[in-house]
Amino acid sequence: MSAREWLDKDFYGELGVSSDATTDEIKKAYRKLARENHPDANPGNSKAESKFKAVSEAYGVLSDPEKRKQYDEARRLFGSGFGGNQGGFGGFGSGAGAGGAGGFDLGDLFGSGARPGGAGAGTGGIGDLFGGLFGGGGAGRHRGGSTASRPQRGADVETEVRIDFAEAVRGATVPLRLSSPATCLTCHGSGAKAGTRPRTCSTCSGAGLVTRNQGAFAFSEPCPDCRGKGQIIDDPCPDCRGEGVATRSRTLTVRIPAGVNDGQRIRLAGQGEPGRNGAAGGDLFVVVHVNAHRVFGRSGDDLTVTVPVTFPELALGTTLTVPTLDGKVSLKVQPGTASGRTLRVRGKGVGRKSGGSGDLLVTLQVVVPSTLDDSAAEALRSYAEATAEHDPRAEWDELLGR
């Protein structure tokens with residue numbers, strides 16, 4: 001993609017966010033649009049597929065702080081004056097062509113250096129500022145080959161998976177079915193029909209750029225015949241229509257590590273969109289959602305559980321049978337234990353990367369019966385009379401001066 005093509009894209013508009021949107025706002029907007037336009041949710045809908053690709057490309061730039069900075073700087077610099085005129089990058093005053101010696105090639109602004117003897121001789125050129133954004137260099141580097149023919153890393157892709165609470169604690173291996181752009185299996189990424197090969201564009205000699213002279217100026221622009229690719233495909237692959245990339249379904253096996261948190265992202269290197277011209281593929285980021293458990297909760301590496309008990313069990317002491325994710329354990333409760341007390345069972349929590357496991361935190365909660373039969377009610381009255389001198393609210397009277 002040429003610098004002009006990149007700058008013509010409104011990545012903020014694709015995601016429906018403002019240019020000063022936060023990282024979280026960009027991520028939230030991308031996830032919403034990706035879910036709405038995902039090929040799996042819109043089978044056969046080419047418009048939704050195009051939108052899915054567009055928002056993925058926009059997120060790939062705006063989610064990367066360095067790429068976003070370069071993109072914003074490029075839009076600020078070229079948003080008016082440089083790139084506002086039709087027919088190329090215009091907006092220079094008459095002084096730009098003073099002397100008329102050989103004209104002025106705007107492509108040199110993006111090149112590896114200025115002309116010998118020029119004001120910018122020996123410098124990296126503006127192209128170095130946007131090197132990471134435009135694939136390693138600007139338009140002026142067509143002397144060594146077109147930008148489009150250079151290797152371009154594939155875009156990152158994000159998807160989601162939902163697992164059970166126990167799988168998050170113990171770890172799991174889950175199959176993940178994706179419909180996403182991938183290297184075309186028919187042409188193996190060349191874009192040409194089986195048995196044929198792309199040929200070098202004769203108009204630009206494979207550079208992908210041509211120079212157009214206008215008086216004292218010379219403008220470099222994408223070749224109109226090969227659209228800046230440097231190659232022409234006479235017989236396109238019928239499956240990918242010459243793109244070398246096709247949307248297809250694939251199944252991956254994803255290893256979810258033990259102790260994964262809800263909302264955590266797992267990176268699968270090289271499993272995103274395929275790279276161009278031999279470059280590495282992007283990464284696949286899997287956002288993990290964990291279902292809540294009916295009994296257990298989680299606090300960091302510790303599991304939590306609330307166990308109902310009776311008043312006599314706390315007053316007299318007892319041994320409880322407490323559930324864990326792996327079975328049951330016995331827990332001794334000392335006489336006089338207060339309701340709401342939390343006891344710790346070592347090593348029955350979430351496994352840690354550094355080794356060992358968290359604990360199981362058991363909170364004891366007294367259950368008050370909603371109804372009592374006559375014998376139980378009488379027994380409680382007898383207990384109340386026997387303990388009447390032990391008023392649990394007596395300390396309040398002392399503190400309040402009563």
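Me: Before we look at the sheet, what makes two strands count as paired?

Reply: Two strands pair if DSSP finds at least two bridges between them. With that in hand, this predicted model has an open sheet of 3 strands in the order 2-10-9, with mixed pairing.

Me: How do you know that strand 2 and strand 10 are paired?

Reply: The cut-off is at least two bridges, and strand 2 and strand 10 (residues 284-290) share 7 bridges, in the parallel sense; therefore they count as a pair. One of the links joins Glu 158 to its bridge partner in strand 10, Phe 285.

Me: Why are strand 2 and strand 9 said to stand at the edges?

Reply: Strand 2 (157-163) and strand 9 (265-268) each have a single partner strand, so one side of each is left without a neighbour in the sheet. From one strand to the next, the twist averages 30°.

Me: What makes helix 3 a partner of this sheet?

Reply: Contact means heavy atoms within 4.5 Å, and helix 3 (residues 23-37) touches strand 2, strand 9 and strand 10 as it packs on the sheet. The direction of helix 3 makes about 80° with that of strand 2.

Me: Turning to the second largest pocket, how do you know what character its lining has?

Reply: Its 16 lining residues include Phe 311, Pro 312, Pro 369, Leu 380 and Tyr 383, which lie nearest the centre. Phe, Pro, Leu and Tyr count as nonpolar, and the whole lining divides into 14 nonpolar, 2 polar and no charged residues. The pocket holds about 390 Å³ of space.

Me: Which helix gives the largest share of that lining?

Reply: Helix 9 (374-386) does, with 5 residues. Helix 8 (311-316) also gives two or more.

How values were computed. Residues are numbered from 1 along each chain as its sequence is written. This is a predicted model: local features need pLDDT of at least 70, side-chain atom pairs count only at pLDDT 80 or more; totals for chains, interfaces and linings use all residues. Side-chain values use heavy atoms; hydrogens and water are left out. Helices (H or I, at least four residues) and strands (E, at least two) are DSSP runs, numbered from the N terminus. Axes are lines fitted to C-alpha atoms, for helices over the stretch in contact, and angles run from 0 to 180 degrees between N-to-C directions. On a 1 Å grid over the protein atoms alone, a cavity is a set of points where a 1.4 Å probe fits but cannot get out, and a pocket is an open set with protein on both sides within 12 Å along at least five of seven lines; lining residues have an atom within 4 Å of a point. Grid points are joined across faces, edges and corners, and a volume is the space filled by probe spheres set on the points.
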